[in-house]
Amino acid sequence: MKDACYAKKARQFVRAKFACLIFCLVFFICANFRRFEKPKTLRTYTAIAAPTSIRTSTTPSTTLPVLRIDAVLAVRIYRHDKAKWTTFELDQWVKYMIYAGVQTIYLYDCHMTDDEALKKWAASRSNILYIDWGKYNHPHTLGGTQIRAYQHAIDSYGHLSDWQIAFDMDEYPFSLIDFDAGWLPRRINALSRPEISELSIKNFLFLGNDTSRPSEWVAERIVRRTPFPANTLDKPIYRPKNVRAQMHHNILQSGSSVDVPASELRMNHYWGMRLQNWGLPCETNECMSKTEMIKKTVFDNSSFSLISRVQKVYK
């Protein structure tokens, strides 16, 4: 009886030892199994350089931050204007500037009488903010009318813009480098640096033909220009937060002003027959004959391709 009891206890002991051995073996195998797995490839990311290129007519995508540029226009359309500018020419300028990349045009209407006012004309155009400026046009002065308008745009709307451009309706920014829609902000991106507050755009006069005809655009019919900048009466593209308004060269509050090479960006200034007394007999020695005009100018229709693109967009 005693022997049987010892045998039973021996069997229980052996079973316990065997179970403990199996447990230890399983634990050992599990603990070391991952050492024999094939190592996984780590996921990595390739560093990408910050983009620096500018979109042109040959580069299809914009890689620099999009700038907001708005235009400031002080204008009067009136019946007895010797240049005969009308809303037809004004509409051309607006379409051109919007195609170039201008977001909003602040139109300061310098009408002398109520029937000259452009309010109804401007109301149907979503990119125009109309400002009645007639009360500052009696009498018209550069300081009291036009420069006052430019400063008002800086004070009232400058915080909305990275840049403003203050051109008249006979003044067109132009560059041979880029004809695609939105080209002007791309040119400014290429030409500016953080310390630059004003880009001074050279003035090329286009002469020798009427500025107003009912079917042609201004840039299509006036195709002779001065071969070099006509004078120092540049027009500015500027950071509104950094300047006080003037006509041709703003007063800098901070930063610097740079003269932009005409090969990069210039102003096509459509004077038409202004130097020829608007086609009337010459009254002063400053009046230029057609022969003199041809001698002093060169043929230039380089804007035709750009104008054609604008016309296709707005036909």
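The exercises below, each with a worked solution, concern a predicted model.

## Exercise 1. Overall content

Task: State how many helices and strands the protein has, and what share of its residues is buried.

Solution. Start with the elements: the protein holds eight helices and 14 strands. Next take burial: of the 315 residues in the protein, 43% are buried. Then turn to contacts with a separation of 6 or more: 75% of them are accounted for by residues 24 or more positions apart.

## Exercise 2. The disulfide

Task: Find which cysteines form a disulfide, and give the handedness of the link.

Solution. Step one is the distance. The sulfur atoms of cysteine 282 and cysteine 287 are 2.1 Å apart. The cut-off for a disulfide is 2.5 Å, so this pair qualifies. The count by this rule is one disulfide.

Step two is the bond type. A disulfide covalently joins the sulfur atoms of two cysteines.

Step three is the torsion. The angle about the S-S bond is -55°, and the link of cysteine 282 and cysteine 287 is left-handed.

Step four is exposure. Buried means under 20% relative accessible area. Cysteine 287, at 14%, is therefore buried, whereas cysteine 282 has 47% and is partly exposed. Cysteine 110 is also buried, with a relative accessible area of 4%.

## Exercise 3. The five-strand sheet

Task: Give the strand order of the open sheet of five strands and identify the strands at its edges.

Solution. The order is 5-13-7-8-14, and the pairing is mixed. Reading the ends of that order gives strand 5 (171–174) and strand 14 (298–299) as the edges. Each has a single partner strand, so one side of each lacks a neighbour in the sheet.

Now look at one pairing. Strand 8 (residues 224–225) and strand 14 run antiparallel and are joined by two bridges. Arginine 225 is placed opposite valine 298 of strand 14. In general, strands of a sheet pair through backbone hydrogen bonds, in a parallel or an antiparallel sense.

## Exercise 4. The seven-strand sheet

Task: Describe the open sheet of seven strands, then work out which partners strand 6 has and in what sense it pairs with each.

Solution. The strand order is 3-2-1-4-9-6-12, with mixed pairing. Strand 3 (128–132) and strand 12 (256–259) are the edge strands, each pairing on one side only. From one strand to the next, the twist averages 25°.

Strand 6 (residues 196–201) comes next. On one side, strand 6 runs parallel to strand 12, with four bridges between them; here isoleucine 196 has serine 256 as its bridge partner. On the other side in the order, strand 6 and strand 9 pair in the antiparallel sense, also over four bridges. Serine 200 is bridged to proline 236 of strand 9.

Burial fits into the account of strand 6 as follows: six of its six residues are buried, so strand 6 is largely enclosed by the rest of the structure.

Strand 9 (residues 235–238) also pairs with strand 4 (residues 163–165), in the antiparallel sense and over two bridges. In that pairing, glutamine 164 has tyrosine 238 as its bridge partner.

## Exercise 5. Packing of helix 2

Task: Determine which strands helix 2 lies across, and how helix 2 is oriented to helix 8 and to helix 5.

Solution. Begin with the sheet. Helix 2 (residues 87–100) lies across strand 1 (69–75), strand 2 (102–109), strand 3 and strand 4. Its angle to strand 2 is about 150°.

Continue with helix 8 (residues 304–313). The axes of helix 2 and helix 8 come within 10 Å and cross at roughly 100°. Angles of 65 to 115 degrees count as roughly perpendicular, so helix 2 and helix 8 are roughly perpendicular to each other. From helix 2, Lys95, Tyr96 and Tyr99 meet Leu306, Ile307, Arg309, Val310 and Val313 of helix 8. The residues of this contact of helix 2 with helix 8 comprise six nonpolar, no polar and two charged.

Finish with helix 5 (residues 183–191). Helix 2 and helix 5 have axes 5 Å apart and pack at an angle of about 55°. That angle makes helix 2 oblique to helix 5. Tyr96, Tyr99 and Ala100 of helix 2 make the contact with Trp183, Leu184 and Pro185 of helix 5. The residues of the contact of helix 2 with helix 5 are six nonpolar, no polar and no charged.

Key: Residues are numbered from 1 along each chain as its sequence is written. This is a predicted model: local features need pLDDT of at least 70, side-chain atom pairs count only at pLDDT 80 or more; totals for chains, interfaces and linings use all residues. Side-chain values use heavy atoms; hydrogens and water are left out. Buried means under 20% relative accessible area, exposed over 50%, partly exposed in between (1.4 Å probe, protein chains only). Two strands pair if DSSP finds at least two bridges between them. Axes are lines fitted to C-alpha atoms, for helices over the stretch in contact, and angles run from 0 to 180 degrees between N-to-C directions. Contact means heavy atoms within 4.5 Å. Angles under 35 degrees count as roughly parallel, over 145 as roughly antiparallel, 65 to 115 as roughly perpendicular and the rest as oblique. Ala, Val, Leu, Ile, Met, Phe, Trp, Tyr, Cys and Pro count as nonpolar, Asp, Glu, Lys and Arg as charged, and the others, Gly among them, as polar.
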